[in-house]
Amino acid sequence: MAEVVEFQTKQSFEQVYEECYDKIYKYTYTLLMNKEDTEDVVADTFITAYEKYDTYDSTKSSVSTWLSRIAHNKAVNLVRSASYRNRDELPEELPGEAAADFTKNVEDNEMLLNLYSNLTEDEREFLNLRYTMGLKDAEVAEILDISPKAVNKRYQRLLAKCKDILNG
């Protein structure tokens, strides 16, 4: 009997862009909280992804996780840059869908901005990986290079901190 071999075809980059753009934009925006910087990082993320798409291996991670990692690295590099750190800008408002995804009980955008302003960049990123990007613990662990168990514990501590901030 002949063996049937299934070949998994890679999506076209155009499909990947259409399916992932909004998630990558929201994720990046909630890290940087600045429209212009977000647009620059997202554009750079997709340019890099396009240039390296032939090296993407779907057996190692989902395309969303792969793009998140690229966006994460580019956002972190921007935040670490001296010109970015020396700015004195207040965050703009959060995208409504991203806010609604993880704060079903928070209806006031000002309250959400207060919450985000009391979190570190790392804490905002951590929440956004799960709630804006919708990634599972294993995917977050892969992006941050930590164990899935550590991801779960960090989420528990961070959500407790968020409750304290919102109730305080």
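Here is a short student–tutor chat about this predicted model.

Student: What ground rules apply to the pLDDT and the numbering?
Tutor: Residues are numbered from 1 along each chain as its sequence is written, and side-chain values use heavy atoms, with hydrogens and water left out. Because this is a predicted model, local features need pLDDT of at least 70, side-chain atom pairs count only at pLDDT 80 or more, and totals for chains, interfaces and linings use all residues.

Student: How many helices and strands are there in the protein?
Tutor: Helices (H or I, at least four residues) and strands (E, at least two) are DSSP runs, numbered from the N terminus. Read along the sequence, the pattern is α-α-α-α-α-α-α-α-α. The count is 9 helices and 0 strands.

Student: What share of the 168 residues count as buried?
Tutor: Buried means under 20% relative accessible area, exposed over 50%, and partly exposed in between (1.4 Å probe, protein chains only). On that scale, the share of the 168 residues that count as buried is 40%.

Student: Which element gives the most to the largest nonpolar core?
Tutor: A nonpolar core is a set of buried Ala, Val, Leu, Ile, Met, Phe, Trp, Tyr and Cys residues joined through side-chain atoms within 4.5 Å. The largest one has 40 residues, and those with the most contacts inside it include Ile 24, Trp 66 and Leu 119. Elements that give two or more residues to this core include α2 (35–52), α6 (109–117) and α7 (121–131). With 9 residues, the top contributor is α1.

Student: At what angle do α1 and α3 pack?
Tutor: Axes are lines fitted to C-alpha atoms, for helices over the stretch in contact, and angles run from 0 to 180 degrees between N-to-C directions. The axes of α1 (residues 13–32) and α3 are 10 Å apart, and the packing angle is about 35°.

Student: How many residues of that α1 with α3 contact are nonpolar, polar and charged?
Tutor: Contact means heavy atoms within 4.5 Å. The contact of α1 and α3 is made by residues including Ile 24 and Tyr 27 of α1, and Leu 67 and His 72 of α3. Ala, Val, Leu, Ile, Met, Phe, Trp, Tyr, Cys and Pro count as nonpolar, Asp, Glu, Lys and Arg as charged, and the others, Gly among them, as polar. The split is 12 nonpolar, 4 polar and no charged.

Student: Is His 72 buried or exposed?
Tutor: His 72 is found in helix α3 (residues 63–80). Not counting residues up to four places away in sequence, His 72 touches Tyr 27, Glu 125, Ile 143 and Leu 144. Because its relative accessible area is 9%, His 72 is buried.

Student: How far apart are the C-alpha atoms of Ile 70 and Ala 49?
Tutor: Ile 70 lies in helix α3 too. Leaving aside neighbours within four places in sequence, Ile 70 is in contact with Thr 45, Thr 48 and Ala 49. Ile 70 and Ala 49 are 21 residues apart along the chain, and their C-alpha atoms are separated by 7.6 Å.

Student: At roughly what angle do the axes of α1 and α2 cross?
Tutor: Among the residues that meet are Tyr 17 and Tyr 21 in α1, and Val 41 and Phe 46 in α2. The axes come within 9 Å and cross at roughly 145°.

Student: Is Asp 145 buried or exposed?
Tutor: Asp 145 lies in the loop between α8 (137–144) and α9 (148–167). Asp 145 has a positive phi of about 60° although it is not a glycine. Because its relative accessibility is 67%, Asp 145 counts as exposed.
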